[in-house]
Amino acid sequence: MLTIDKVYDAARVLDSVVRHTQLIEAPRLSEECGCELYLKPENLQVTGSFKVRGSAYKISQLTEEEKAHGVIACSAGNHAQGVAMAATKQGIRSVICLPSAAPISKVEATRRYGAEVCLVDGVYDDAYAEAIRQRDELGYTFIHPFDDDDVIAGQGTIGLEIMNELPDVDTVVVPVGGGGLISGVAYALKTLKPSVKIYGVQAAGAPSMYNAVKTGKAERLPSVATFADGIAVKCPGENTFEYCKKYVDEMVTVTEDEIAAAILHLIENQKLTAEGAGAVAIAAVKFGKIPVAGKKVVCLVSGGNIDVTILSRVIDRGLHKSGRACSIVIELIDKPGQLEEVSHIIAECGGNVVSVYHEHGDAQAVNGCFLRLGMETRSFEHIEEIKNALVANGFKIIQ
């Protein structure tokens, strides 16, 4: 049973295990959103994610017999690293079932922390089924990533740290996958300060808890589709669903483009690297999904274990979503000097052409062609300024 005493006990146990990640002011977001906004940077945690809190506390509560059997867990990557590190520190054998699509960086990090890795075709829920099968067949002690009161209590220590550092906090925004993080944080904060507002954020492509809270019934999604692999969960936990119904004020979702823009914002303005799951709280605030005007707000950056091989693609999406990059197609007459004139207009407006593709395609005029340009820009307003200047000089923009 979850109690505030258990959360405080978790804080005591974890004192020498985890970092007390101090709040970081976010002046640019504060200005954009008309609030006083802080980040709780759990991406700077020992394993790059908050997950080490719950897994380390859970393992500390095991009996000697349970430890002797070894532990098994399933994860998209972050819980895996927490379990592996905590188990290795105590000399316990650990086996981790990960989805085959988990980022290579998370798989290798799990191995480095001392765990045996079992890759399973599919997503988190498929890895969970395999972990349960091995638990039943081989007698391992299962460490659930979210639907366990000890794990939830460990995550709840984040709420205690927020309250200690910012006792007059009004709003806390939390990423949600299976619901362990928000359950612990919401329980701790609502127990200590019932007036605080708690908002949960899921990826639009994996809205399991969002749907459950909205309909009052937890159901399994047929599939999930998001690059925020840390929260790509088909079905919320039974316990976490109950905690969310009781302690969370509202659930919202964000798109892939909004998540990408949030990652880009953190890199540029806060010098922080977040994975997709870690950036959803920032995305929700940045794109107006949550009422924060005039409030003291804390956004949890839950993890930073993003695979560098997809980071460039994420940044590119973020640039386009934020108006920092765009592509336009111009229909013009294929004659000398056209490209020079177009480039001159764009340069006069302060834009920077980074790619040019010239094609005849299906142009209406026999001597017509299409010019597809990629540009670096400052904002959506800047893009409109460039387009208006091109039209004013007689050019026809197709898209």
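**One helix and one sheet**

Let me begin with helix α10, which spans residues 208-215 and in which Ser208, Met209 and Ala212 are buried. These three cover an arc of only 90° around the axis, which puts them on the same side of α10. On the other side of the helix, Lys214 and Thr215 are exposed. I should say early on that this is a predicted model, so please keep that in mind as we go along.

What, then, covers the buried residues of α10? The cover includes strand β8 (197-203), helix α11 (238-247) and strand β9 (250-254). Just after α10 comes glycine 216, which takes a positive phi of about 80°.

Now I would like to turn to a sheet. It is an open sheet of four strands, in the order β12-β13-β11-β14, and the pairing is antiparallel. At its edges stand β12 (352-359) and β14 (396-397), and because each has a single partner strand, one side of each is left without a neighbour in the sheet.

If you look at strand β11, residues 325-333, you will find that it pairs with strand β13, residues 368-376, in the antiparallel sense over nine bridges. To pick out one position there, isoleucine 328 has leucine 373 in β13 as its bridge partner.

Which helices go with these strands? Helix α15, made of residues 338-348, lies across β11, β12 and β13, and runs at about 30° to β13. Helix α16, made of residues 380-392, packs on the sheet as well, where it touches β11, β13 and β14, and its direction makes about 5° with that of β11.

Note on methods:
Residues are numbered from 1 along each chain as its sequence is written. This is a predicted model: local features need pLDDT of at least 70, side-chain atom pairs count only at pLDDT 80 or more; totals for chains, interfaces and linings use all residues. Side-chain values use heavy atoms; hydrogens and water are left out. Two strands pair if DSSP finds at least two bridges between them. Helices (H or I, at least four residues) and strands (E, at least two) are DSSP runs, numbered from the N terminus. Contact means heavy atoms within 4.5 Å. Axes are lines fitted to C-alpha atoms, for helices over the stretch in contact, and angles run from 0 to 180 degrees between N-to-C directions. Buried means under 20% relative accessible area, exposed over 50%, partly exposed in between (1.4 Å probe, protein chains only). The arc is that of the directions from the helix axis to the C-beta atoms.
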